Amino acid sequence: MKTKLDAVNKKNILCIGAGYVGGPTMAMIAAKCPDYRVTVVDINPQRIAAWNSDDLPIYEPGLDELVRTVRGKNLFFSTDIEGGIRDSDIIFVSVNTPTKTFGAGAGMAADLQYWEKTARQILENSVSNKIVIEKSTLPVKTALAMERILNSQPNGISFDVLSNPEFLAEGSAIRDLENPDRILIGSRETKRGRSARNTIVEIYARWIPRDRIITTNIWSSELSKLVSNAFLAQRISSINAISALCEKTEADVTEVARAVGMDSRIGAKFLNASVGFGGSCFKKDILNLVYLCRFYGLEEVADYWESVVNINAYQQERFIMNMMTAMFNTLAGKRICIFGFAFKADTGDTRESPAIFIAKRLLEEHAEVVISDPKALDNARIDLSGLAGVLDYREDPYEAAAGCHALAVMTEWGIYRTLDYERIYREMVKPAFIFDGRNILDHAACFRIGFNVYPIGKPPLTHFDS
Ligand code: NAD
Ligand code: UGA
């Protein structure tokens, strides 16, 4: 439905998919472009209702404030997908593109059914020319399929398909959107393609310096997104692989990462050894890359990238085996407290969180599991529902740890650094253990309190005779 505001609105932007990307990204565009009307639609009515309420469907620092400043002014959330398509000039598509779970490519390839459904919906409901932008992460060459579907009817409407992948990280999404390292916009290298691309460049140029807005051909843009995630994840698997070697040799992975990262050619970021990377994208996007390489017959290239995912699985299983060995080769009947269930700090998102794997493995070993997290307990309950065994959820970390044999730190939430570990120690079963899957605690201080401390990639600090 058009309003009076449309008279002054330069263009109508629609975003299909009101998730972790669609919601925050469109809120930022609406805030920076008050003369554009921005509508975000989704097939999930609960999600849209939450976006229209005071209790947004995702937790992200700074998001509430941002949404509050623009919602109802030039940012709208709606379930009217057809109307949204009809009224729009520019459509961002940011639906989910999970790993396929069935048929050819199951477990590896991207499941493009939501994507294709969107393309057909755009075709059916369009009455004017549109720029359609891939915001979701997609296999290289997907834009070709989009173009073929959109141009399958001679209806006089023209569609220009662009790729504008999103690089925000959860927990820092608002900061990343406000001040991104780069914006990437890919198009066909035709007059029309370049003109559509310029329209999108002008939107971002409202707040992002032009030298950080890069334009490429459409296939480079699609592939660059997969490759960026693959490189980031590769760094984590590289340092995690080295953490295993550190544990055998009394080297300290933090010291090694620091020494290596000070080489300006390598750089210091993304070298924190951990229990493994999680999140909805790294694993899915690398598997997608691996599938593409195999599709094109590049077996060695596929194997190379697949090893990044394999090391991540190895690191998680290694964490469990280290717990088992340290706790006298049995976890059965022991109560283990998991500090943090989100896949990283400052988000409630638990998709592919290493904590899911660790909790399941602990239950398989017949341990009792207590989960604590400041924002992710609702998701944790969903992720672990139906599992056999003793599971407890406590937001208060002190309550969660009381009566436990061990603490396992899974998420680098700031609060875990500042807890009163003397108090926690007093309430735990002795000997008490800490397994720090994020290397965020003061290990020496915890050891002095009485804990047996097992960091990642560092010699353990124990009170046992060797
Ligand atoms: P999400 O699951 O949070 O949101 C996707 C939304 O799309 C859901 O709300 C779903 O209901 C909706 N949807 C699915 N099919 C639809 C349809 N036909 N019509 C309308 N709505 C539909 O996913 P997300 O985390 O926002 O990720 C979206 C895409 O962005 C993925 O391709 C992902 O790889 C990519 N990405 C994600 C992040 C991130 O941090 N989460 C960062 C960069 C890129
Ligand atoms: C990642 C990328 O950083 C974004 O650029 C990208 O847009 C996004 O994926 C996506 O495509 O979805 P995100 O998964 O939200 O963002 O978060 P990251 O900060 O990359 O962390 C991913 C995982 O790696 C987390 O589990 C984190 O704890 C872990 N990690 C990160 C480490 O174990 N060590 C590190 O040094 C850094």
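A polar contact is a pair of N or O atoms within 3.5 Å. The exercises below apply this cut-off to a predicted model.

**Exercise 1. Identify which residues surround ligand 2 most closely, and which backbone atoms approach its oxygen atoms.**

Solution.
1. Begin with the shell: ligand 2 is surrounded by 21 residues, and the closest are Phe167, Leu168, Ser274, Cys281 and Arg438.
2. Examine the backbone next. A polar backbone atom of Glu170 lies 2.8 Å from an oxygen atom of ligand 2. For Phe343, the distance from a polar backbone atom to an oxygen atom of ligand 2 is 2.8 Å, and for Phe167 the corresponding value is 2.7 Å.
3. Consider the cover: on its own, ligand 2 has 700 Å² of accessible area, of which the protein covers 90%.
4. Sort the shell by class: 11 residues are nonpolar, four are polar and six are charged.
5. Locate the main contributor: helix 9 (residues 218–249) supplies the largest share of the shell around ligand 2, with four residues.

**Exercise 2. Describe the surroundings of ligand 1 and state which side chains place polar atoms by its oxygen atoms.**

Solution.
1. The shell of ligand 1 holds 27 residues, and those that come nearest are Asp42, Arg47, Thr97, Glu170 and Lys284.
2. Turn to the side chains. An N or O atom in the side chain of Thr97 is 2.6 Å from an oxygen atom of ligand 1. Lys284 has a polar side-chain atom 2.6 Å from an oxygen atom of this ligand, while for Arg351 the distance is 3.0 Å.
3. The protein buries 94% of the 830 Å² that ligand 1 exposes when taken alone.
4. By class, the shell of ligand 1 comprises nine nonpolar, 11 polar and seven charged residues.
5. Helix 5 (residues 113–125) provides the largest share of this shell, three residues.

**Exercise 3. Decide whether Lys458 is buried or exposed, and identify its side-chain partner.**

Solution.
1. Place the residue: Lys458 lies in the segment after strand 14 (452–455).
2. Apply the cut-off for burial, which is under 20% relative accessible area. Lys458 has 15% relative accessibility and therefore counts as buried.
3. Find the partner: the side chain of Lys458 makes a polar contact with the side chain of Asp252, at 3.1 Å.
4. List the neighbours: leaving aside residues up to four places away in sequence, Lys458 touches Glu247, Ala251, Asp252, Val253, Thr254, Asn439 and His443. Asp252 thus appears both among these neighbours and as the partner in the polar contact.

How values were computed
Residues are numbered from 1 along each chain as its sequence is written. Chains are lettered from A and ligands numbered from 1 in the order in which they are written. This is a predicted model: local features need pLDDT of at least 70, side-chain atom pairs count only at pLDDT 80 or more; totals for chains, interfaces and linings use all residues. Side-chain values use heavy atoms; hydrogens and water are left out. Helices (H or I, at least four residues) and strands (E, at least two) are DSSP runs, numbered from the N terminus. Buried means under 20% relative accessible area, exposed over 50%, partly exposed in between (1.4 Å probe, protein chains only). A polar contact is a pair of N or O atoms within 3.5 Å; within protein, one must be able to donate a hydrogen and the other to accept it, and residues adjacent in sequence count only if both atoms are side-chain atoms. Contact means heavy atoms within 4.5 Å. A residue is near a molecule or strand if one of its heavy atoms lies within 4 Å of it. Accessible areas come from the Shrake-Rupley method with a 1.4 Å probe; for residues, only the protein chains shown count as cover. Ala, Val, Leu, Ile, Met, Phe, Trp, Tyr, Cys and Pro count as nonpolar, Asp, Glu, Lys and Arg as charged, and the others, Gly among them, as polar.
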